[in-house]
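Biologist: Could you take me through one part of this model up close, the pocket and whatever sits in it? I'd like the residues by name, please.

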Amino acid sequence: MKNPKVDALFKPLQLGDIQIENRIIMSSLTRMRCDKVTKSPNDLVVEFYTQRATAGLIMTESTFISERSQSWPGCPGIMDQVQVEGWKKVIQSVHNKKGKIVLQIWHSGRATHSQLQDGLQPWGPSAIEINGPHQILNIPHEIPHEMNLEEIQLVKNQFRKGAQLAKEAGFDGISLHGSNGYLIDQFLKSNSNKRQDEYGGSIEGRCKFCLEVIDELISVFGKGRVGIKVSPIGRFNDMYDNDPIKLFIYLFQELDKRQIAFIELMNDKDEENAYNHGLPSSQSQTQNLFEQLRNSFKGVIIGNVGLTGETASQLIEAGIIDAASFGMSYISNPDLVERIRYNFPLTVANPDTFFEGDQVGYIDYLPYQQ
Ligand SMILES: Cc1cc2nc3c(=O)[nH]c(=O)nc-3n(C[C@H](O)[C@H](O)[C@H](O)COP(=O)(O)O)c2cc1C
């Protein structure tokens, strides 16, 4: 029997020019199973996304735009024709199942290590390293090189080139990875951006790079197929802003002027983690992030972090978000849409198989058997 408490998730929705059949969105999931030589999606990856094609919309895993922008082995790129061909197979297979798929375009900035990118020093807005070990290498982070104005322009060009290749591959849209302490987020936040020039200082200065990259993506895909993911209060990768609500109200208003299709908004719950260093916790900065930002952006807001079918539905009915994205539940429930619709129990994911490895813990989670 259908669960009446999740009805709101099953009303179709228009995200700019992208029409989706339900509001259950698969959030980006890095799984490090792509071909390590070509850095391109392989058959396993095609199968993983195809199994999840009933989602209203799939956000791909983080996909890098240059050799200097990758931070994890086994992640895909969008830099060359081999990768375009790899992505085409994913997209065609998802489209054959009537699914929709958007590329998450990514630059890791300081959140990488020269050992993972042929000796290249990481870049960042300022020469401030992440205070904490690298997630995969478990060694200290390096001090990034502070990007000069030519390097900022180069990276903007790389984002545009990546978007052109994504369009050629056939993606339904593109989402800028502005969350979780990667390059865009590093420019936004006060603890990682101490620049004295027009790309730092004031809130307007810290948002400038992000908005210029958004404009590059719009120039390729058109405003109705561009989105962004943000994490205003997230601590992952040693991030912190001293006034996140003010910062993100401004950013949302600027994104609203550009009429982009969606913002995926992470409401992080980090109370304590490796990066806290005595700073206030995420939740102590605000208890109602969604409500505080809602009115600054008229387009679609996709709520994220810790949601269930029922909590997401309630937020949609209250007009606080328009759709919801699910990360962890999509690792182990390829048929999440049906499980939410019929209130079937969810399979719990095994964290040991999150990253790298083969099909185990990747494409062997089965649909619910009654
Ligand atoms: C294994 C794993 C990989 C992830 N990879 C990405 C990623 O590539 N890009 C991204 O923006 N978020 C990534 N995330 C975060 C999720 O997209 C999502 O924001 C987070 O899990 C919170 O949603 P949830 O509470 O429904 O799990 C990842 C999360 C997990 C658990």
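Modeller: Sure, and let's start with the walls. Helix H10 gives the most to the lining of the largest pocket, with three residues. Keep in mind as we go that this is a predicted model. The pocket that H10 helps to line has a volume of about 990 Å³. In total 33 residues line that pocket, and the closest to its centre are Ser 28, Leu 29, Asn 180, Met 266 and Met 328. As for the elements behind the lining, those that give two or more residues are strand E4 (57-64), strand E5 (101-106), strand E12 (323-326) and helix H10 (328-332). Sort the lining by class and you get 13 nonpolar, 14 polar and six charged residues.

Now for the occupant: the ligand sits in this largest pocket. There are 20 residues around the ligand, and the ones that come nearest are Ser 28, Thr 30, Ser 62, Asn 304 and Gly 306. The shell around the ligand splits into eight nonpolar, 11 polar and one charged residue.

Let's go through some polar contacts. Ser 62 has a side-chain N or O atom 2.7 Å from an oxygen atom of the ligand. At Gly 306 the backbone does the job: one of its polar backbone atoms is 2.7 Å from an oxygen atom of the ligand. Asn 180 faces a nitrogen instead, with a polar side-chain atom 3.5 Å from a nitrogen atom of the ligand. As for cover, the ligand taken alone exposes 620 Å², and the protein buries 85% of that.

Asn 180 deserves a second look. You've already met it among the residues closest to the centre of the largest pocket, and its side chain has that 3.5 Å pair with a ligand nitrogen. Its backbone stands out too: Asn 180 has a positive phi of about 60°, though it isn't a glycine. Why flag that? Because most residues other than glycine have a negative phi. Asn 180 is found in the loop between strand E8 (173-178) and helix H4 (183-188). Lys 39 is another non-glycine residue with a positive phi, of about 55°. You'll find Lys 39 in the loop between strand E3 (24-26) and helix H1 (43-51).

While we're on empty space, there's also an enclosed one. The count comes to one cavity of 30 Å³ or more, and the largest cavity holds about 60 Å³ of space. Its lining is made up of Ser 71, Trp 72, Ala 111, His 134, Gln 135, His 141, Tyr 182, Phe 236 and Asn 237. By class, that cavity lining has four nonpolar, five polar and no charged residues, whereas the lining of the largest pocket includes six charged ones.

Definitions and conventions
Residues numbered from 1 in each chain as written. Predicted model: local features only at pLDDT ≥ 70, side-chain atom pairs only at ≥ 80, totals over all residues. Heavy atoms only, no water. Near = heavy atom within 4 Å. Polar contact = N/O pair within 3.5 Å; in protein donor to acceptor, adjacent residues only side chain to side chain. Areas by Shrake-Rupley, 256 points an atom, 1.4 Å probe, with all protein chains shown as cover. 1 Å grid on protein atoms, 1.4 Å probe; cavity = no way out; pocket = protein on both sides within 12 Å on 5 of 7 lines; lining within 4 Å. Sits in = over half its atoms within 2 Å of the grid points. Nonpolar A, V, L, I, M, F, W, Y, C, P; charged D, E, K, R; others polar. Points joined across faces, edges and corners; volume = space filled by probe spheres on them. Helix = DSSP H or I, 4+ residues; strand = E, 2+ residues; numbered from the N terminus.
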